[in-house]
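Please look over the sequence and the model below before reading on. The paragraphs after it deal with strand pairing and with the setting of one helical residue.

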Amino acid sequence: MQTRRTIQIAKMLWASPCSLVGLIFGIIVLLCGGSVGQSSGTLEVTFRASQAPGRALARWLPFRAITLGHVIIAITRQELDRLRAHERVHVRQYERWGIFFFVAYAISSAWQLLRGRSAYWDNCFEVDARLRSTQIERNEYDA
Ligand SMILES: [Zn+2]
């Protein structure tokens, strides 16, 4: 049990530079009237899309949810609930790759673009997250 806890702490430390970036964005969301919660070792930050400036910011952003280390930022609580399993797979990816996840994700996107494919939909990390989140929702995969 102690070993498992030590491994989890090591994973959090390994991903912490990315989580720091997430915290900075999360604080900006909170300053715009957002809210924060905690779930399974992650911080979950959501906009209050019903209030300005959160509404304007949420409309401007090209994503419904994004994960930065152990921080998940979503446009609304409903989108967070819908995308939580997918975003938690990204948390596991950050725990595996650490700070190198940013570079690896960008390389995967660039590689797909060079092949004439979608930088987002065909990115290997997104493909993995879609597959594993579907398995999680069916209780076939233990993240
Ligand atoms: Zn994703």
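What follows describes a predicted model, beginning with its strands and ending with a helix residue.

A convenient place to start is strand β2, which spans residues 42-46. Of its 5 residues, 4 are buried, so the strand is mostly covered, taking buried to mean under 20% relative accessible area. Strand β2 pairs with strand β1 and with strand β4, and the two pairings are taken in turn.

Strand β1 covers residues 35-39 and runs antiparallel to β2, with 5 bridges joining the two. Within this pairing, V36 has V45 of β2 as its bridge partner. The connection between β1 and β2 is a hairpin with 2 residues between the strands. In that turn, S40 has a positive phi of about 50°.

The other pairing is with strand β4, residues 71-74, and its sense is parallel. Here 4 bridges link β2 and β4. V45 appears again, with I73 as its bridge partner in β4. V45 is thus a useful residue to follow by eye: its bridge partners include V36 and I73.

The last stop is helix α2, residues 54-60, where A58 is found. Is A58 buried or exposed? A58 counts as buried because its relative accessibility is 5%, and the cut-off for buried is under 20%. Setting aside neighbours within four places in sequence, A58 is in contact with F47, R64 and I75. The C-alpha atoms of A58 and R48 lie 8.7 Å apart, with 10 residues separating the pair in sequence.

Methods. Residues numbered from 1 in each chain as written. Predicted model: local features only at pLDDT ≥ 70, side-chain atom pairs only at ≥ 80, totals over all residues. Heavy atoms only, no water. Buried < 20%, exposed > 50% of the residue type's maximum accessible area, 1.4 Å probe, protein only. Pairing = 2+ DSSP bridges. Contact = heavy atoms within 4.5 Å.
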